[in-house]
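Here is a brief report on one protein chain. Keep the sequence and the 3D view open while you read.

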Amino acid sequence: MTDDVLFLSRDQVTALLDPDTAIASQRAAFGALGAGGASTPDPPDLPDLPGKIMHPSHFDDSVVFAYVSRLSRDTGAVAKFGSVNPGNAAAGLPTVHAVITALDPVTGELVAVMDGTAVTTLRTAAASAVAFDALSTADSAELALIGSGTQALAHARAVARVRDLKSVRVWSPNPERRARAAELLAAELGIAAEATGTPREAVTGASLVAACTLSTTPVVRGAWLAPGCTVVSVGSFEPTRSEVDAEVVRRAAAVVVDDPETAAEHAGPVVDALRDRLLTREDLIGLGDVLTGARTARTGPDDIVFYNSVGLGVQDAAAAWAVVHAARGAER
C-alpha cells in the first residue's frame, strides 16, 4: 500500500461528487454499456462490468451485496461491499451502508478507500436523472416523490438538474418525515413542494414519478398515471420488492432497465411481468441503448415509460473514479 492512498469520508465524497459531476459519471457508465464497452459476467467470475452479487440475510430483511467492476482501461477496478437494512429508516438512518475501494488501472495498487453510502446515494439519484432526461418529455415539470428519506431527497435534487421543475409532491408513510422533506425541498430548490396524504394524491397528474422506497408491495399504481408520465423505480431491486403494480408495466409503452439480463433476474416488477407473460426479455430496453440511439423508448408525448433500476457495478466504478479525479484535482 502506498502512502498516497485517498481515504475519503462521507462528507468528502459528498463535496467532491456534486450533482452535475455525478450525472456526468452516470452518462459515461450507461454510455459505455450501450456502446458495448461493458459486459455482464455471471458471479463469481467478475473480471469486467457490471458484476454484482446479492444475498438476502437469513436473520432479517437485510440484503448483503458486492459489486466488482471496471469502467475503462483508464480507470482501475472498483469493488463495493455493503448491506441494505430497511429497518434503519425507522431510526432515521440511511438504509444503505457500504465501502468502496479503487485500484490503480496499471499497477493494481490501492488508490482510494471511500464511503460507499454517499457514492451509492448520489450515483443512484444521478442515474435516475439521466433516465428522466432520456425518457421524459422536455416539458415534464411536476415530480411525484414516493419516499422521504436520503435517497428520495437526492432524487429531487438530481432531477432538478435535468428538468425545470415547477413542483414536487412528497408522500411517505410517516407524516412528519414527508412534511419535513417537502419543507426542505421547497427551501433548497425554490419551488412549490407539498406533502400529500396518500401516494395517489402525489402521483395523480404528475409527469415525473420517482419511487424511492424499499416496499415489497406496490406504492405506485398504473391507474393513477397521467398520459406522458415517466415512472422511475429504484427500490425494486429484488424479486420480492415491487414498488409499482402490474398495471404500470401493462400501460407502459416501453419498459427500460439498467441492464436487461440483471433486471430479468432481480427487478421485482420485471420478474413478475416476465412470469405472467406481460413482457418478454426482448421487450426490455437497456438505458445505455437509449442513450446511444440503438433502441427507442418514447415514441410520442402521451407514452407512459417505466424505468426500473436495480443498480450496477459500472455505476459505482464511474462515480468512484469521478471522486478520485476530483480529489486529485483538489490536491493540486
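The report starts with the whole chain and then turns to a strand, a helix and a loop.

## Overall build

This is a predicted model. The protein chain has 11 helices and 14 strands. Its C-alpha atoms fill a box of roughly 55 × 45 × 45 Å, taken along the principal axes. A compact globule of 332 residues would have a radius of gyration near 20 Å; the protein chain has 19 Å, which agrees.

Buried residues make up 55% of the 332 residues. Contacts often link distant parts of the sequence: among those with a separation of 6 or more, 67% join residues 24 or more positions apart.

## Surface and charge

The protein chain exposes about 13,900 Å². Carbon and sulfur atoms supply 52% of that area.

There are 27 positive and 40 negative side chains. The centres of the two sets lie 4 Å apart.

## Strand β3 and its partner

Strand β3 covers residues 63-69, and its side chains alternate. Val-63, Phe-65, Tyr-67 and Ser-69 point to one face and are buried. Val-64, Ala-66 and Val-68 point to the other face and are not buried.

β3 pairs with strand β4, residues 78-84. The pairing is antiparallel and runs over seven bridges. One position to look up is Ala-66: its bridge partner in β4 is Phe-81. Ala-66 itself belongs to the face of β3 that is not buried.

## Helix α4

Helix α4 spans residues 150-159 and is mostly covered. Eight of its 10 residues are buried. They are Gln-151, Ala-152, Leu-153, Ala-154, His-155, Ala-156, Ala-158 and Val-159.

What do the buried residues of α4 pack against? The helices are α2 (19-34), α3 (116-135) and α5 (175-189). The strands are β7 (142-146) and β10 (208-211).

## A positive phi at Arg-277

Most residues other than glycine have a negative phi. Arg-277 has a phi near 65 degrees, a positive value in a residue other than glycine.

Where is Arg-277 found? Arg-277 is in the loop between α9 (268-275) and β13 (284-286). Is Arg-277 buried or exposed? Its relative accessibility is 76%, so Arg-277 counts as exposed; the cut-off for exposed is over 50%.

Conventions: Residues are numbered from 1 along each chain as its sequence is written. This is a predicted model: local features need pLDDT of at least 70, side-chain atom pairs count only at pLDDT 80 or more; totals for chains, interfaces and linings use all residues. Side-chain values use heavy atoms; hydrogens and water are left out. Buried means under 20% relative accessible area, exposed over 50%, partly exposed in between (1.4 Å probe, protein chains only). Helices (H or I, at least four residues) and strands (E, at least two) are DSSP runs, numbered from the N terminus. Two strands pair if DSSP finds at least two bridges between them. The radius of gyration is taken over C-alpha atoms; the globule rule is 2.2 Å times the number of residues to the power 0.38. Contact means heavy atoms within 4.5 Å. Accessible areas come from the Shrake-Rupley method with a 1.4 Å probe; for residues, only the protein chains shown count as cover. Lys and Arg count as positive and Asp and Glu as negative; His and the chain ends are not counted. The place of a charge is taken as NZ of Lys, CZ of Arg, CG of Asp or CD of Glu.
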